[in-house]
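Let's take a walk through this one together. Have the sequence and the 3D view open side by side, and we'll go region by region.

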Amino acid sequence: MFERFTKAARAVVKGAVEHAERGGAAVVTEEHLLLALLDREDTRAADALRALCPPDRRPSLLAALAEARRRAGLSRADTEALADLGIDVGAVVARVEEAHGAGALAGDRKDAGWRSGRRSFSREAKAVLEKSLRVALARKDREIGDEHLLLALTATGGVVAEALADHGVTYTAVEDAVSSPAM
């Protein structure tokens, strides 16, 4: 599949690995893919992100991702479903952080070594990569570009898609942005 990736898409995957390494993460996640997309300039996805989520709104996006990480990656839908069962996620997080320190549920284990020397990808990140292929095929594109990765991030659900949608970056909005003649 990676032979179909454009130079920009490969750079995003490499950038995601670098973000995971810098953060000491045990695996590369879909959040790392988004962070790598946010680093890009002069690509279709970068142009779409700049148009839909201008740089002045990025701190809010990053804060939303950090807050979700603090909740052990639970989306709003997960939190609401647990609340329907009588489980207050906020209270659980507070108790865990009281006992184990701030960010204890974030999964940011700095001591997590990578035994093979190569970063592995989380199940969700792999799903984004696979979805990018399906998005490219559905759009009848011959290659997988960084815009397909961004479209896949918005379409796979979960915390990253939720944070993007809250900031105006939805599948439809990205599709419109990358399809416009200006890009």
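Which residues of helix 9 (residues 158-166) are buried? Keep in mind as you look that this is a predicted model. The buried set consists of V159, V160, A161, E162, A163 and L164. Notice that a glutamate, E162, sits in that list alongside the valines, alanines and leucine.

So what does the covering? Several other helices take part: helix 2 (30-39), helix 3 (44-52), helix 4 (58-70), helix 5 and helix 8 (146-155) are among the elements lying over the buried residues of helix 9. Once you come out of helix 9, look for G168, which follows the helix and has a positive phi, near 85°.

Now swing over to the start of the chain, where helix 1 and helix 2 pack against each other. Their axes are 8 Å apart and the angle between them is about 115°. As for handedness, the crossing of helix 1 and helix 2 is right-handed. If you want to see who touches whom, pick out V12, V13, G15, A16, H19 and A20 on the helix 1 side. Across from them, helix 2 brings H32, L33, L35, A36, L37 and D39.

Just ahead of helix 1 (7-23), in the segment before it, you'll find T6. Is T6 buried or exposed? It counts as buried because its relative accessible area is 18%, and the cut-off for buried is under 20%. Setting aside neighbours within four places in sequence, T6 is in contact with E143, I144, G145 and D146. The last of these, D146, is also where helix 8 (146-155) begins.

A second buried spot is S122, in the loop between helix 6 and helix 7 (123-138). With a relative accessible area of 10%, S122 falls under the 20% limit and is therefore buried. Which residues does S122 touch, leaving out neighbours within four places in sequence? The contacts are V27, V28, T29 and E30. Take E30 as an example: S122 and E30 are 92 residues apart along the chain, yet their C-alpha atoms are separated by 7.8 Å.

Let's finish on the surface. L85, I87 and V92 form a nonpolar patch there, and together they have about 280 Å² of accessible area. One of the three, I87, lies in the loop between helix 5 (76-84) and helix 6 (89-100). I87 has a relative accessible area of 38%, so it is classed as partly exposed, a label for values between the 20% and 50% cut-offs.

Conventions:
Residues numbered from 1 in each chain as written. Predicted model: local features only at pLDDT ≥ 70, side-chain atom pairs only at ≥ 80, totals over all residues. Heavy atoms only, no water. Patch = residues over 30% accessible without salt bridge, like charges linked within 9 Å, V, L, I, M, F, W, Y side chains within 5 Å. Areas by Shrake-Rupley, 256 points an atom, 1.4 Å probe, with all protein chains shown as cover. Salt bridge = Lys/Arg side-chain N within 4 Å of Asp/Glu carboxyl O. Helix = DSSP H or I, 4+ residues; strand = E, 2+ residues; numbered from the N terminus. Buried < 20%, exposed > 50% of the residue type's maximum accessible area, 1.4 Å probe, protein only. Contact = heavy atoms within 4.5 Å. Axes fitted to C-alpha atoms, helices over the stretch in contact; angles between N-to-C directions. Left-handed = near helix turned anticlockwise from the far one by under 90°.
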